[in-house]
Amino acid sequence: MNPKAKFYYLYKKGVNIEFDKWDFDILQNEKELLKDVPVHDFIEAIENDTSSIDWSNYHLTNAKCVLQKPVKYSYSYKITKIVAYKAPDSVVQQIRADGYVPFRYKGNMSKKRYEKEMNKALERYEKEMPVEDKDLYRFSKPVFSKNRRYALISLNGSGSGCLYIFRYTDGAWAKLYKFNCWVV
């Protein structure tokens with residue numbers, strides 16, 4: 001989470017991890033690194049557990065659990081609404097309130113000028129947006145090994161994500177391995 005943020009948005013419902021042959025192959029190729037991790041426990045749990053999790057029941061510090069995307073967050077603010085150059089300020093303000101970037105368009109703009117002005121509008125909007133409104137996270141329901149010393153969890157955060165394996169040692173969870181990362 002962004003350390004500058006006072007809170008973060010978190011999807012209330014934790015999704016179940018979907019594991020396919022590709023994921024299993026990645027783990028199998030890391031046998032030396034993961035020699036103590038009961039990978040087969042994860043596979044079995046993923047295949048058999050269909051229950052869900054509601055993160056709002058866990059009173060997570062600084063998390064604002066939501067059922068749907070907030071109006072503003074890092075992928076919605078890139079959506080622009082073109083308005084007439086002479087549109088009243090009230091129209092522009094309403095577009096902003098709806099979570100879009102208003103872009104005042106003059107009909108005679110060159111393509112280069114259009115792109116430059118569009119980028120300026122996006123930059124202005126992003127600078128004005130509070131840091132808390134820029135990210136939206138989704139954690140999966142954790143998958144535990146049978147001995148409850150290892151956990152597999154998926155984290156998706158505003159355009160990127162990874163699967164993580166944690167180990168419980170000395171009263172705390174520590175990240176052991178991260179894999180299958182993606183970026184939009």
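Me: What makes Glu-44 count as partly exposed?

Reply: Glu-44 has a relative accessibility of 36%. Buried means under 20% relative accessible area and exposed means over 50%, with partly exposed in between (1.4 Å probe, protein chains only). The value of 36% falls in between, so Glu-44 counts as partly exposed. This is a predicted model, in which local features need pLDDT of at least 70 and side-chain atom pairs count only at pLDDT 80 or more, while totals for chains, interfaces and linings use all residues. Residues are numbered from 1 along each chain as its sequence is written, and side-chain values use heavy atoms, with hydrogens and water left out.

Me: How do you know that the side chains of Glu-44 and Lys-146 meet in a salt bridge?

Reply: The term requires a side-chain nitrogen of Lys or Arg within 4 Å of a carboxyl oxygen of Asp or Glu. For Glu-44 and Lys-146 the N to O distance is 3.5 Å, so the pair meets the criterion. Glu-44 belongs to helix α2 and Lys-146 to the loop between β8 (143–144) and β9, so named from DSSP runs numbered from the N terminus (helices H or I, at least four residues; strands E, at least two), and the two residues are 102 apart in the chain. Lys-146 is exposed, since its relative accessibility is 57%.

Me: Why are Arg-113 and Glu-117 said to be separated by about one helical turn?

Reply: Both residues lie in helix α4 (residues 111–128), 4 residues apart, and therefore about one helical turn separates them. Their side chains form a salt bridge with an N to O distance of 3.2 Å. At 41%, Arg-113 is partly exposed, whereas Glu-117 is buried at 15%. Elsewhere, shared salt-bridge partners join Lys-12, Lys-13 and Asp-54 into one network.

Me: What distance supports the salt bridge of Arg-104 with Asp-89?

Reply: The closest N and O atoms are 2.8 Å apart. The bridge links distant parts of the chain, with Arg-104 in strand β6 (residues 101–105) and Asp-89 in helix α3 (residues 89–97), 15 residues apart. Arg-104 is partly exposed at 25%, and Asp-89 is exposed at 52%. The structure holds 8 salt bridges.

Me: What makes Cys-162 and Cys-181 a disulfide?

Reply: Two cysteine sulfur atoms must lie within 2.5 Å. The S to S distance between Cys-162 and Cys-181 is 1.9 Å, so the pair qualifies. A search of the whole structure finds 1 disulfide.

Me: Why is the disulfide of Cys-162 and Cys-181 called right-handed?

Reply: The torsion about its S-S bond is about 115°, and the disulfide is therefore right-handed. Cys-162 is in strand β10 and Cys-181 in strand β11, so the bond ties together parts 19 residues apart in sequence. Cys-162 is buried at 9%, while Cys-181 is partly exposed at 43%.

Me: Which residues touch the most other members of the largest nonpolar core?

Reply: A nonpolar core is a set of buried Ala, Val, Leu, Ile, Met, Phe, Trp, Tyr and Cys residues joined through side-chain atoms within 4.5 Å. The largest has 17 residues, of which Phe-19, Leu-27, Leu-152, Ile-165 and Phe-179 touch the most other members. At least two residues each come from α1 (21–28), α2 (39–48), β9 (150–157), β10 (160–169) and β11 (172–183). The largest share, 4 residues, comes from α2.

Me: What makes Ser-145 buried?

Reply: Its relative accessible area is 2%, so Ser-145 is buried. This residue is found in the loop between β8 and β9. Beyond neighbours within four places in sequence, Ser-145 is in contact (heavy atoms within 4.5 Å) with Pro-38, Asp-41, Phe-42 and Tyr-150.

Me: What is noted about the phi of Asp-170?

Reply: Asp-170 is not a glycine, yet its phi is positive, at about 50°. Asp-170 lies in the loop between β10 and β11 and is exposed, with a relative accessible area of 80%. Asn-62, also a residue other than glycine, has a positive phi near 65°.
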